[in-house]
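Welcome! Here are some short exercises to work through with the structure in view. Take each one slowly, then compare your reasoning with the worked solution.

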Amino acid sequence: MIAPRFALAVGLALTAVNGPTPPPVVRYGNPERVPAPSRDGWSRAEPGTIHAPGTAPLPPLAVPPPPAPPSERERGVALGLFAEDVSFSYGKLLAEIVALGATHVALVVPLYQTDGASTELGLDTRFSPTLDTIAETARAAKRDGLEVMIFPIVRLSAPRAGEWRGTLAPRDRDAWFASYGERLGDLAGIAAMTGAKRLVVGSELSTLDGDLDRWRPLCEKMRAVFGGKLVYSANWDHYQKAALFDLVDEEGISGYFNLRDAKAPDDDATAESGWRRLRQELEAWRAKRTSPFIFTELGYRSRAGATAAPWDEGPGGTPDPDEQRRGFAAFRRAWTGSEALDGLYVWNWYGYGGPATTGYTPRGKPAETEVRALLEGL
């Protein structure tokens, strides 16, 4: 039985779906190759066949097929909807993301539970956006020409030692999945109504992403509401074990791989060597898979040690905006030309930024230039 809140999301989504269907967008020109009118009496009736008037046609030429159009990669930036002020407008940040050269945006929605054993999730009244804010920001992003991905992440309001979303152990799994499904259903309804293209069904849920008996019906419910693509974002140290990839359309990884040992030199060559090694490992893994692959998160803090432990969200540290720049530059150089990568989302544009801060945002830091070059060259 579908819960009332989820049923409401279904009804709203179906209302949106039943509206007029826009005409298809042709991105790469007319796919039909219509022969041009002849001005010289030569016939080009068949591809590769050319003959003059009154003569027998020559054997067909071995003309190679035209090259495939370039892939539509996801040139994305993540935008955390983290403002505590309910009246905050994300319009200026969206405009900056467009100016960077992004074509896609991931709207990050934090869902909260108390600790790793809890079974109830919800939008925090202070640290989460309202459903109206999510919808309005998605519409604003679409008006700016960005393709939208709705991206929920689980946070713990009172974690016990060592707990985070990658170590969840709910005391009642059925209750946790029911609550999580309610929240995800709300977001699926918003995604459908606002024309979002992607919905992340989970992020870095390493202790839960193998439970396909519970994920399968949840994903089926999301597809009943939302007709776009479903994505799972696996943690960087768990992606080869993420069985949930089998149920979604795109396979994502949060790319916080260590690029060097903490005692290794902190320079461009070391960081680039780290990403080249990781590219080989990931491409070997991708050789056996067919679904599109994206980095759902790619980011570095602007503080000393960021390339040695990109995943470290702990407070403090010494500002080092150039180490953040080196991380993005190393990725750009190492991954240029890879056919295995279908897109990425830079983490995270929210925040004041500036060279004196130590957060992930590249705003107002040397890394901003690297991010622009990375999106342009993807």
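Two strands pair if DSSP finds at least two bridges between them. Helices (H or I, at least four residues) and strands (E, at least two) are DSSP runs, numbered from the N terminus. This is a predicted model, where local features need pLDDT of at least 70, side-chain atom pairs count only at pLDDT 80 or more, and totals for chains, interfaces and linings use all residues. Residues are numbered from 1 along each chain as its sequence is written, and side-chain values use heavy atoms, with hydrogens and water left out.

**Exercise 1.** Find how strand β5 and β6 are joined.

Step 1: Locate β5 at residues 147–156; two bridges connect β5 with β6, and the two run parallel.
Step 2: Look across from Ile-150, and you meet Leu-199 in β6.
Step 3: Add helix α4 (residues 173–194): with β5 and β6 it forms a right-handed β-α-β unit. Right-handed means that, with the strands pointing away from the viewer, the path from the first strand over the helix to the second runs clockwise.

**Exercise 2.** Work out which strand pairs with β6 over five bridges.

Step 1: Go to strand β7 (residues 229–234), which pairs with β6 in the parallel sense over five bridges.
Step 2: Check one partnership: Arg-198 is bridged to Lys-229 in β7.

**Exercise 3.** Decide whether strand β6 is enclosed or open.

Step 1: Apply the cut-offs: buried is under 20% relative accessible area, exposed over 50%, partly exposed in between (1.4 Å probe, protein chains only).
Step 2: In β6 (residues 198–203), six of the six residues are buried, so the strand is largely enclosed by the rest of the structure.
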